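Please look through the structure shown below, together with its sequence. The paragraphs that follow lead from one helix to a set of strands and then to the aromatic rings.

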Amino acid sequence: MKDRYCLLNHFEITESDLRKVMAVALEKGGDYADLYFEHTFNNYLALQDGAVNRAGSNIDYGVGIRVVSGDQTGYAFVESTSLDDMIKAARTASRIASATSVVPSAAIDQKAFTNHYPIVRSWEDESIQKKIPFLQQLNDRIFELDARVVKVNASMNDSTSYILYYNSEGLLCCDYRPMGVLAGLCIMQQDGKTENAYASRAARKDIRFLTGELVEQVAQEAVNNTALMFDAIKPKGGEMQVVMGAGGSGILLHEAIGHAFEADFNRKQISIFSDKLGKKICDEHINVVDDGLIDGDRGAINFDDEGIAGQKTYIVKDGVLNSYLHDRISAKYYGVSPTGNGRRQSFRYVPIPRMRSTFMENGNYSEEEIIAAVKKGIYVDNFTNGQVQIGAGDFTFFVKSGYLIENGKKTRPIKDINIIGNGPKALADVTMVGNNLKIDQGAWTCGKDGQSMPVSQGLPTVLVKQLTVGGN
């Protein structure tokens, strides 16, 4: 992790500059103010028809300045860290959040955090020639695994972000955030039919993320999921029991339920859970967690974008709604401590409550026991598009593939169906929870209020006693 003086020098600023900008930000008054510096390098590679045919890079650099006064927030950003430009932005934010209260100045105090993504070989320091072979290996391996493969698209993204944060409480902290993504699209043909499937892996790691084992994982998943589709049918629809497979099914937990736990939706009385804090909302054996402390995970954070340490937050504990996901503003409103969920897409945006890695903890059943409990239903584990109403929690998710369950056994593969339901009701209708929790390591990205953030999610196998399945 970069130290304080390294990043001050990196952004070509001094502690004196920080104090001057903060003084201007609060010249009209305010309860709180912060400065968020960011310098991000992004790189992209793509392979098609056996050759790398696209590559791109971009650099993002600047500082966002926020002033908070009661319910009013002033925010301005500038793509520069010159003192004059920062003072102009600070003055703009100050005028937006003009107030009568004045925050006393505080001495600068640097805080160190546990590092959950140590960097040994930075993406910045590696040439494109070091990365291309992994794309070529992925392409070749997918073709090797099945003779029906006719086309492969492979891609790789990497980024490194320098982050420096300073606030009116005197807190100064810095971070050096890596991210890597490897993905492959497999296209097969058989008897005049064409099928495809996509697989990806993502991690907050340096270039050591790229390994032969990683290539094999992505290739096997892409090929296996594509091959499955040739034998899949579209089942008859209706209301039925649904078994959610471990791992990627956590997207339903994230989208249909997780957003409703974010404190801004509850503070504004939008969420169906806004009056449920401290109340039982599901089976007592269910625990739902949002965790920023999983080493190398796509959702990991050493500290959030408001200088709050990453932490593990029990949203649901023993079936009771235990906590919302808070940024500084919502935490102050509820009179609790922030949970480290104040995140922003870049220095151009204000932080808002966002998930990190959201999952349900293990229960007591094996997957085999859960499937055996279903006389007629479906097993799903591969989701694509979905729509969710945050307030009510109503959702529709498109299921790429899964299986019929008949008399306690998985039988024919299925594809191209919708699952329709209500998130809070689905959570309350979970009757069995497996002991095989899997955090899905795909390249999940969460959108909210025009901002996109890297996240992960997971689930053990669970049984939902009733959902509407849209089939034939």
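In this predicted model, the residues D84, K88 and R95 of helix α3 are exposed. They lie on the other side of the helix from its buried residues, which are M86, I87, A89, A90, A93 and S94. Helix α3 itself covers residues 83-96, 14 residues in number. From its first C-alpha to its last, the helix reaches 20 Å, close to the 20 Å expected at 1.5 Å a residue.

How do the buried residues come to share a side? An α-helix has 3.6 residues a turn, so residues three or four places apart point the same way. Seen down the axis of α3, the buried residues fall within an arc of 165 degrees, so they line one face of the helix. These buried residues pack against several elements, namely helix α2 (15-25) and the strands β1 (32-48), β2 (51-69) and β3 (72-78).

The next region is made of strands later in the chain. Strands β9 and β10 pair in the antiparallel sense, over 4 bridges. Within this pairing, V288 stands opposite V316 in β10. Strand β10 also pairs with β11 (residues 320-321), again in the antiparallel sense, over 2 bridges. V316 takes part here as well, with L321 as its bridge partner in β11. Together, β10 and β11 form a hairpin with 2 residues between them. In the turn, D318 has a positive phi of about 55 degrees.

The aromatic rings offer another view of the fold. A search of the whole structure finds 12 aromatic pairs. One of them joins F113 and F303, whose ring centres are 4.9 Å apart and whose planes make an angle of 40 degrees, so that the pair counts as tilted rather than stacked (under 30 degrees) or edge-to-face (over 60). F113 lies in the loop between β4 (109-110) and α4 (128-145), while F303 lies in the loop between β9 (288-291) and β10 (312-317), so the pair ties together parts that are 190 residues apart in sequence. Both F113 and F303 are buried.

F303 has a further neighbour: R177 lies over the face of its ring, at 5.4 Å from the ring centre. A similar arrangement involves R267, whose charged end sits over the ring of Y333, 6.0 Å from the centre of that ring. Elsewhere, F11, F37 and Y61 form one aromatic cluster.

Methods:
Residues are numbered from 1 along each chain as its sequence is written. This is a predicted model: local features need pLDDT of at least 70, side-chain atom pairs count only at pLDDT 80 or more; totals for chains, interfaces and linings use all residues. Side-chain values use heavy atoms; hydrogens and water are left out. Rings of Phe, Tyr and Trp (its six-membered ring) pair if their centres lie within 6.5 Å; planes under 30 degrees apart count as stacked, over 60 as edge-to-face and the rest as tilted. Buried means under 20% relative accessible area, exposed over 50%, partly exposed in between (1.4 Å probe, protein chains only). A charge sits over a ring if NZ of Lys or CZ of Arg is within 6 Å of the ring centre and within 35 degrees of the ring normal. The expected span of a helix is 1.5 Å times one less than its number of residues. The arc is that of the directions from the helix axis to the C-beta atoms. Contact means heavy atoms within 4.5 Å. Two strands pair if DSSP finds at least two bridges between them.
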